[in-house]
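Please open the structure in your viewer and keep the selection tool at hand, since this tour moves from one selection to the next.

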2 protein chains.
Amino acid sequence: MSARVDERIAILPLTADAFAPFGEVLEIAGPPDFAFNAGMAQRWAARALPEVTGEGGRVAISLARAEPYRLPLQLDLVERHPLGSQAFMPLSAEPFLVVVAADEGGRPGRPRAFLTNGAQGVNYRRNVWHGVLTPLDRPQDFLIVDRTGPGDNLQEHHFARPWLICTDDA
Amino acid sequence: MSARVDERIAILPLTADAFAPFGEVLEIAGPPDFAFNAGMAQRWAARALPEVTGEGGRVAISLARAEPYRLPLQLDLVERHPLGSQAFMPLSAEPFLVVVAADEGGRPGRPRAFLTNGAQGVNYRRNVWHGVLTPLDRPQDFLIVDRTGPGDNLQEHHFARPWLICTDDA
């Protein structure tokens, strides 16, 4: 299937402001909140507060290794987690692609696509539609902070027609 | 003050087994627990479960930038957090020093020192005595998962005589 022009989603740089409707950007940016360890360390504090709901749910720290994708990317699927937020922090200084969509009556609206700057992670708030973990060009490792526990914590939405995620000049 | 031979603490490689009394090693090691994202990613799942107690406490995700130390290191201080666990994951592939001590009647016993392999983080369990964040040779950034909220969550112990943390050949 070839993508029509109106199915193209341009990738924008990830910024805290642009991402605010969907969650938090995890990055060392701006002045630190406080020093600790007798001034030997600075903290950008509590930039995201993991949210976990549902009986038996707990915050968990996991690790992941993800295979890369290539641009332009055909986006067929987004997902969301009704029982908890989900944070991804890259463990190597490489950008990755972040796709989110506002909810429109229980379905995802038009997706938005962001490219991290290589030092940024993201925290998707609970129930925010988002794409899969999407490194570009090479495999990438991540720390994940999300929910573990019983319950159905995954909703997937398959688009009837895929979107084409691309750089402006793709 | 010069250190006596019996005050020397030799640095050992960090392993999950050796660290088990104190917390969890956060690393991609051994077989993954499951695949996700249609097989494009593997997860080493729930390797640590952050613990938060005390009224108004929440798990928080923070970032930190820490100045480096040099070996041999004079260890004057350890600390612990009675209201929550504390995880540190390095965002660059450089080793850092991990110092912990078993509790002996409310005071830290003889410290133990470990060097990470560059891809490891740690989660200190609640109330485990540990040293400050200790990169070596150059500044290092970390993701931190620990407690935010009201309450007195810091106990420090100053050693009457410092320990000398050193490599075997130092």
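A polar contact is a pair of N or O atoms within 3.5 Å, and within protein one of them must be able to donate a hydrogen while the other must be able to accept it. Keep in mind, as you look around, that this is a predicted model.

Begin by selecting Glu27(B), which lies in the loop of chain B between strand E2 (23-26) and strand E3 (34-36). Show its side chain together with that of Gln120(B), and you will find a polar contact of 3.1 Å joining the two. Beyond the residues up to four places away in sequence, Glu27(B) touches Asn117(B), Ala119(B) and Gln120(B), as well as Leu63(A) from chain A. Is Glu27(B) buried or exposed? With a relative accessible area of 15%, Glu27(B) counts as buried, because the limit for that word is under 20%.

Next, select His130(B), which belongs to strand E13 (residues 129-130) of chain B. His130(B) is buried, with a relative accessible area of 2%. Its side chain and that of His81(B) are joined by a polar contact of 3.4 Å. If neighbours within four places in sequence are set aside, the contacts of His130(B) include Val78(B), Gln86(B), Val99(B) and Tyr124(B).

Finally, display both chains: a turn of 180° and a shift of 0.0 Å along the axis lay chain A on chain B with an RMSD of 0.0 Å. That is the relation of a two-fold axis. To locate this axis, select Leu91(A), whose C-alpha is the nearest to it in chain A, at 2.5 Å. Both copies use the same surface, as 100% of the contact residues of chain A recur in chain B.

Terms used: Residues are numbered from 1 along each chain as its sequence is written. Chains are lettered from A and ligands numbered from 1 in the order in which they are written. This is a predicted model: local features need pLDDT of at least 70, side-chain atom pairs count only at pLDDT 80 or more; totals for chains, interfaces and linings use all residues. Side-chain values use heavy atoms; hydrogens and water are left out. Helices (H or I, at least four residues) and strands (E, at least two) are DSSP runs, numbered from the N terminus. Buried means under 20% relative accessible area, exposed over 50%, partly exposed in between (1.4 Å probe, protein chains only). Contact means heavy atoms within 4.5 Å. Copies are superposed by least squares on the C-alpha atoms of residues with pLDDT of at least 70 in both.
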